[in-house]
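I opened the model today to look up how its parts fit together. My notes follow in the order I looked things up.

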Amino acid sequence: MINLYFQGRVKNRARYEEFACNVLNELLPRPFKREIEVFIHFTKNIEEMGLCHVEEKDVIGVQINTDQSAGEIAQTLAHELVHVKQFIRKELNADMN
């Protein structure tokens, strides 16, 4: 099971939360037997549009820069969730960055 946790402030946050759930359901349609936690943090405190990193086994962190338009935030969120999928399926690891 993938558990999503959202942190930080962003306008229309509920829409982004629903969007993130829909994107992950498309990218990873089958349920997982292990617990995976994904923390999505909306912030203005990063220079990049978004970041994704493994914090520990089965814990992935995503940061989304909120100093973007609504469409750019959604696009960045979708992009970073692709990296979440890649980390979960071991198609990407921290050494590949």
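Before listing core members I fixed the term: a nonpolar core is a set of buried Ala, Val, Leu, Ile, Met, Phe, Trp, Tyr and Cys residues joined through side-chain atoms within 4.5 Å. I also note that this is a predicted model.

**Entry 1: the core**

I looked up the largest nonpolar core and found 23 residues in it. Ile40, Phe42, Leu81 and Val84 touch the most other members. The elements that supply two or more residues to this core are α1 (13–27), β2 (36–43), β4 (59–65) and α2 (70–88). I noted α2 as the element that gives the most, with 7 residues.

I then asked what Ile40 is in contact with, leaving aside neighbours within four places in sequence. The list for Ile40 reads Leu4, Tyr5, Phe6, Gln7, Ala20, Val62, Ile64, Leu77 and Leu81.

**Entry 2: the sheet**

I traced an open sheet of 4 strands in the order β1-β2-β4-β3, and its pairing is mixed. β1 (2–8) and β3 (50–56) stand at the edges with a single partner strand each, so one side of each has no neighbour in the sheet. From one strand to the next, the twist averages 20 degrees.

I went through two of the pairings. β1 and β2 run parallel and are joined by 7 bridges. As an example from this pair, I picked Tyr5, whose bridge partner in β2 is Phe39. β3 and β4 are antiparallel, with 6 bridges. There I noted Leu51, which stands opposite Gln63 in β4.

I also checked one residue of the edge strand β1, namely Asn3. Is Asn3 buried or exposed? The cut-off for buried is under 20% relative accessible area. Asn3 has 18%, so this residue counts as buried. Not counting residues up to four places away in sequence, Asn3 touches Glu35, Ile36, Glu37 and Val38.

**Entry 3: the helices against the sheet**

I looked up where each helix lies. α1 lies across β1 and β2 and runs at about 155 degrees to β1. α2 lies across β1, β2, β3 and β4, at about 165 degrees to β4.

I then took α2 by itself. This helix has 19 residues and reaches 27 Å from its first C-alpha to its last, close to the 27 Å expected at 1.5 Å a residue. The buried residues of α2 include Ile73, Leu77, Leu81, Val84 and Ile88, and also Thr76, Glu80 and Lys85. What do the buried residues of α2 pack against? I found β1, α1, β2, β3 and β4.

For α1 I chose Leu27, which is found in that helix. Leu27 has 22% relative accessibility and therefore counts as partly exposed. Apart from neighbours within four places in sequence, Leu27 is in contact with Leu81, Val82, Lys85 and Arg89. I also took one distance: Leu27 and Glu47 are 20 residues apart in sequence and 27 Å apart in space, C-alpha to C-alpha.

**Entry 4: cysteines**

How many disulfides does a search of the whole structure find? I got 0. I wanted to know why Cys21 and Cys52 are not bonded. The closest cysteine sulfur to that of Cys21 is in Cys52, 16 Å away, which is too far for a bond. For reference, the cut-off is cysteine sulfur atoms within 2.5 Å.

I looked up the accessibility of both. Cys21 is partly exposed, with a relative accessible area of 34%, whereas Cys52 is buried, with 12%.

**Entry 5: positive phi**

I looked for residues with a positive phi that are not glycine, and noted Asp58 and Lys90.

Asp58 sits in the loop between β3 and β4. That hairpin has 2 residues between the strands, and the phi of Asp58 is near 65 degrees.

Lys90 is in the segment after α2. Its position is just after that helix, and its phi is about 60 degrees. Lys90 has 68% relative accessibility and so counts as exposed.

Technical notes: Residues numbered from 1 in each chain as written. Predicted model: local features only at pLDDT ≥ 70, side-chain atom pairs only at ≥ 80, totals over all residues. Heavy atoms only, no water. Buried < 20%, exposed > 50% of the residue type's maximum accessible area, 1.4 Å probe, protein only. Contact = heavy atoms within 4.5 Å. Pairing = 2+ DSSP bridges. Axes fitted to C-alpha atoms, helices over the stretch in contact; angles between N-to-C directions. Expected span 1.5 Å × (residues − 1).
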